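Work through the exercises below with the model in view. Each task is followed by a solution in steps.

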Amino acid sequence: MGLAACERDVEHPLPVDVPEWFPEMVVPADNALTADRIALGRRLFYDPLLSRDTSISCSSCHAQAMAFTDGRQVGLGVGDRAGKRNAPSLTNIAFVPAFNADGGIGTLELQAQGPIFLHEEMDFTIAGFLERIAGDDTYTAMFGAAYGRRPDAFGISRGLAAFERTFVSGGSRFDQYEYQSVSTALSAAELRGRDLFLGNVAQCAQCHTPPLFTTFAYENIGLYAVYADSGRARITGLAQDNGRFKVPTLRNIALTAPYMHDGSMATLRDAVAHFNNGGVGHANQSAHVRPLGLAPQQVDDLVAFLQSLTDEGFVNDPELSEP
Amino acid sequence: MTMTPMRDRLFPSALFALFIVLATGCERKEGCMDPLAINYDAEVETDNGSCVYEVPGTYLNLRFNHRLGGVDFGYGAVATNWEGRKVKFTLAQFYMSKIKLGTTTFEDSYLLVSARKDLLGVGHIGAGDHAGLSFNVGVDSAVNHLDPATWPFDHTLSSNNIDHAHWSWNPGYIFMKLEGRVDTTAAMDGDADAAFSIHIGLDELLTNVALAGNMNVSGDTAIIGINVDWLRFLDNVDLRLERSTDSFNNPGLAVAVKGNIASAFSLE
C-alpha cells in the first residue's frame, strides 16, 4: 500500500507526447521518465557550470532554435578548441539505438557523461561540477526529488538523458499530410519532392525511412575517396566499416546546416546534389548511392520537400527552452 | 460535551497517518551500499553509513614510491629517458585491479594510482607469510564497459572520481595516462617542449604484473612498498617519432608501452 502511494513506483503515461505514427519509446529501467527527472535534466542541459571555464553548456552546441545543433562546421568547446565532428541534431534522440556518428556509445545515459570530460568540449570533471553546486539547495532538492540521492554522476547522467528524451518532434507539415490526412499541408513542389524521396529512383527513403527518417544503419555515401574520419571503423576496426556513418534523421534538416559528419556541406542543395552525382565511388559505398540523373527542377523539389520536415512547434516549445 | 474537541483531535492525527504512509512509500530503501561490507544489501538505494566490515586479519595498504629513474617523481621535473632525452610528466596515472597477495585475490578492489598519491588501501588479508604480489594494470573486461555512473559515490571506478579516466567515444576506462613534454631535437640539447600523450586502454591491453618475493603481514595494518619508475614505461620508445596514441589510432605505440609495463614495477 505504501508503495502504491509512491509516485515513482506507479506506471505513468509518459510525460511527453509521442505521435501515434512513431515507434514506442523505450526507456531504461533505472530511468523511467518523470517530471522531476526532466526538470533536473533541463537545468543541467542549460548549465555552463558543467564546463571548466563556465562558458559552455550542452545548449551551446545543441541549441533549440537550430533543432539542437550549433550552426558551426564542427563543435567549438572550452577555449575555442575545435572538435572533429559536426554537432548533430538531437531531434527524436530517444529513439536512437546508438550514439555519435560512429555509434560507439550504447545509452544516452553514458553519452551524457562524455561531453563533460572531453577536452574539446566542456573539458571538466563531474567532481568539479559537484563541488561548484555543493551549496546550491535548489539543485540538492532537485536531485533528491528526481532520484532520491545527493547530486552525483548518476543523477547528472540520468537527468540529462531524461530531458533529452523529451526532444520528440513529429509536428511538421509532412506529418500533417502523411499521417493526419491534411491533404493541403504540402505544396505542389513539396509533393513532387515527397514522391521522389520515397520513390525508386532517388531511393532516399531506403536509408532515411519515415517516420524517423533514418534506419540507424551505418552507410558510406561516397563523400571522399579517402576519409580523414574512419567513422564506424573507429569502433569496429573493420576495413568494410571505413567511411560508414550512422544515417542521420532528416527531421528539422532545414535548421541544422551545415551538413554531414564533418559539416562539409553548407546547404541542402549541396547535399542533394551530392546524392544526384552518385558519390565518388568508395569501395564501401552503398549501392543506393549512384548517379540519379535528376533534372534541376527535381533537385529543387527534393530541397522543397526537405524544408517541409521542419517542426516549428518543436523549436519553439517552451518546455524545451532554457528554464 | 460537544463533538468539536473530538474532531479537532481526530483530524490532525488522521493527517499525520496519511503523511507516514506517503513518506515511507516514497522513501528509498536505506542501508549499506558497499559490496565489500558484510551487511551489503543490493536493494538499498540510499547509503545511510551503516556499513559494517568484517575484519578477518590485517588491512593491507600499498605504498607507491614514484620514481623517474634515479630520482623521485615530480610533476614538471625534467628527467632523462633511456636514450638521454629530456622528458617531463604533466599527468601520470593508472588503474590497478585483481590485486593478489599470495593466494588471496582482492576481487572487488580497484585502485586509481596517480603519481600524486602514495598510500592506497586494498583490503583485509590473513596475517602471516604471503608469497608473490600480482595485479593487473587496467580494468577487467567484465567491469570495463559498465556505466561508470552506476557505482557507489566514492567507488574508484565511479565517474564522480576527480581523476576519472574514461573514453567517451568507445566506452571503457583509460587504463593508463602518460602525458608530458619531451625534447625532440636530434642532438638532444633542446628543451622538453613537445607534447606527448599516451593513453592505454581497450580490453586486449590489460596487463598482468607479477612481483616475486615473500611478504609477511601482521597487526591491524600492513604496508607493502612498490617502486614505480614512470620513465620505464617509455623505454625504447622513440619520442621524436611517436608521441601520441589513444590506443586505437596508434596501436603500435600502445603495444610498445604495454610491453614496458611489467618492468616498471618492483618491490621496495
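**Exercise 1. Describe how chain A and chain B meet.**

Step 1. About 2300 Å² is buried between chain A and chain B, with 57% of it on carbon and sulfur atoms; buried area is the accessible area (1.4 Å probe) that two parts lose on being put together, summed over both. This is a predicted model: local features need pLDDT of at least 70, side-chain atom pairs count only at pLDDT 80 or more, and totals for chains, interfaces and linings use all residues. Residues are numbered from 1 along each chain as its sequence is written, chains are lettered from A in the order in which they are written, and side-chain values use heavy atoms, leaving out hydrogens and water.

Step 2. Count the residues: 36 of chain A are in contact with 24 of chain B (contact means heavy atoms within 4.5 Å).

Step 3. Look for charged pairs. The rule finds 2 salt bridges across the interface (a side-chain nitrogen of Lys or Arg within 4 Å of a carboxyl oxygen of Asp or Glu). One of the salt bridges joins A:Arg234 to B:Asp246, with the closest N and O atoms 3.8 Å apart.

Step 4. Locate the side of chain A that touches chain B. At least two of its residues come from each of helices H3 (108-111), H4 (114-117), H5 (126-132), H7 (153-164) and H10 (233-236) of chain A. Helices are DSSP runs (H or I, at least four residues) and strands likewise (E, at least two), numbered from the N terminus.

**Exercise 2. Find which residues of helix H9 of chain A are buried, and how they are arranged.**

Step 1. Helix H9 of chain A spans residues 188-198, and its buried residues are A:Glu190, A:Gly193, A:Arg194, A:Leu196 and A:Phe197. Buried means under 20% relative accessible area (1.4 Å probe, protein chains only).

Step 2. Viewed down the axis of H9(A), these buried residues fall within an arc of 165°, so they line one face of the helix. The arc is that of the directions from the helix axis to the C-beta atoms.

Step 3. Among what covers them are helix H8 (173-179) and helix H12 (296-307) of chain A.

**Exercise 3. Do the same for helix H11 of chain A.**

Step 1. In helix H11 (residues 268-277) of chain A, the buried residues are A:Leu268, A:Ala271, A:Val272, A:His274 and A:Asn276.

Step 2. Those residues pack against H12 of chain A.

Step 3. Just after H11(A), A:Gly278 has a positive phi of about 95°.

**Exercise 4. Summarise chain B.**

Step 1. Chain B has 3 helices and 17 strands.

Step 2. Of its 268 residues, 47% are buried.

Key. Buried means under 20% relative accessible area, exposed over 50%, partly exposed in between (1.4 Å probe, protein chains only).
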